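Hi everyone, thanks for making the time. I'd like to walk you through one model today, so please have a look at it first.

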Amino acid sequence: MLLSQEYVARMAENVARIREEINQAAREAGRYPDDILLCAACKTRTVEEVRASADLPIDVFGENHVQELVEKYDAGAYGDKLAHFIGHLQTNKVNKVVGRAALIQSVDSVRLLDKIDHAAQAAGVKQQILVEVNIGGEASKSGVVGEKELWDLLDQATARDHVELRGLMAIPPADATESQTRAFFSDMRELLNHAREQYGVGLTILSMGMSGDFIAAIKEGATIVRIGTAIYGARDYSK
Ligand SMILES: *Cc1c(COP(=O)(O)O)cnc(C)c1O
């Protein structure tokens, strides 16, 4: 399917505007804009759409579904950019993700961690990961719940030979108010700070903030923002 010129132009405008908003939020927070990666959350977008967006000043692609990652990676849709895995990962699909995703952002169980460690060993790579925190404690969401589960998983993650723990990721509840969301982001920064004290300076990544709340996330210390709708437009799940 051929992309319309209008669509490509709109995407370019969107990314330029988001970049400016990232820069401004960083400046206001006394941070360097270059310390914040723009991750294009491209679930449901076609190979052609992703390939066109790869020419824009985004830093990395984020995929939620293994099948989409495999299809777009193998088609070269990401151009010279890397892909991250940001969705719920089933243990039986880990082999397809290790080797394709530079960072798996959504590790939330020891069982998944073990699978990743084994797959990375078999592939001869060290897989970079984040631990996903269910910061709002929602029953319907992935991510570790509560401090005990978090520190247990971080202990395990830092003890694996073929996995490198780089930080934390979170998605606050969709129905939270602006100030509640900001408080969740702030809690995440504190958790990362504690984790860094405990496990060392390599834990530098805090992935949080989406189309509706990335400015608040940057003000609270996000180093990766994951943005979909604001780049590509509303998602169409009917296809
Ligand atoms: C879809 C998705 C996003 C992007 O959401 P938008 O609201 O479209 O920006 C970010 N992170 C994750 C984990 C997602 O699944």
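**Strands, crossovers and a pocket**

Let me start in the middle of things: Gly167 stands opposite Ile205 in E7. Before I go on, a word on what you are looking at: this is a predicted model, where local features need pLDDT of at least 70, side-chain atom pairs count only at pLDDT 80 or more, and totals for chains, interfaces and linings use all residues. Residues are numbered from 1 along each chain as its sequence is written, and side-chain values use heavy atoms, with hydrogens and water left out.

Some vocabulary, too. Helices (H or I, at least four residues) and strands (E, at least two) are DSSP runs, numbered from the N terminus. Two strands pair if DSSP finds at least two bridges between them.

Back to our opening contact. E6 and strand E7 (residues 205-207) run parallel, joined by three bridges. On E6 there is also a pairing with strand E5 (residues 127-133), again parallel, over seven bridges. Within that pairing, Val133 has Ala170 of E6 as its bridge partner. To get from E5 to E6 the chain passes through H6, and this β-α-β crossover is right-handed. Right-handed here means that, with the strands pointing away from the viewer, the path from the first strand over the helix to the second runs clockwise. E6, H7 and E7 also form a right-handed β-α-β unit.

So is strand E6 enclosed or open? Seven of the eight residues of E6 (residues 163-170) are buried, so this strand is largely enclosed by the rest of the structure. By buried I mean under 20% relative accessible area, with exposed over 50% and partly exposed in between (1.4 Å probe, protein chains only).

Helix H7 deserves a moment of its own. Met188 lies in this helix and counts as buried, at 1% relative accessibility. The C-alpha atoms of Met188 and Val133 are separated by 8.3 Å, with their positions 55 residues apart along the chain. Arg182 also has its place in H7, but at 33% relative accessibility Arg182 counts as partly exposed. Arg182 and Ala217 are 35 residues apart in sequence, while their C-alpha atoms are 7.0 Å apart in space.

Now to other strands. E2 and E3 run parallel with four bridges, and Gly62 stands opposite His84 in E3. The chain goes from E2 through H3 to E3, another right-handed β-α-β crossover. E3 pairs in the parallel sense with strand E4 (residues 101-107) over three bridges, where Phe85 is opposite Ile104 in E4.

Strand E1 (residues 37-41) and E8 are parallel as well, joined by four bridges, with Ala40 opposite Ile227 in E8. In a regular strand the side chains alternate between the two faces of the sheet. You can see this in strand E8 (residues 224-227): Ile224 and Arg226 point one way, Val225 and Ile227 the other, and all are buried.

On to the aromatics. Rings of Phe, Tyr and Trp (its six-membered ring) pair if their centres lie within 6.5 Å; planes under 30 degrees apart count as stacked, over 60 as edge-to-face and the rest as tilted. How many aromatic pairs does that rule give? The count comes to two. Phe61 and Tyr78 make a tilted pair, 5.1 Å centre to centre with 35 degrees between the planes. Phe61 sits in strand E2 (residues 60-63) and Tyr78 in the loop between helix H3 (66-74) and strand E3 (82-85), so the pair ties together parts that are 17 residues apart in sequence. Phe61 is buried at 0% relative accessible area, and Tyr78 is buried at 3%. Trp151 and Tyr199 form a stacked pair, 6.4 Å centre to centre with 25 degrees between the planes. That pair links distant parts of the chain, with Trp151 in helix H6 (residues 146-158) and Tyr199 in helix H7 (residues 178-199), 48 residues apart.

One backbone oddity before I stop: Thr44 has a positive phi of about 75 degrees although it is not a glycine. Thr44 has its place in the loop between E1 and helix H2 (47-53) and is partly exposed, with a relative accessible area of 25%.

That's my tour, so over to you for questions.
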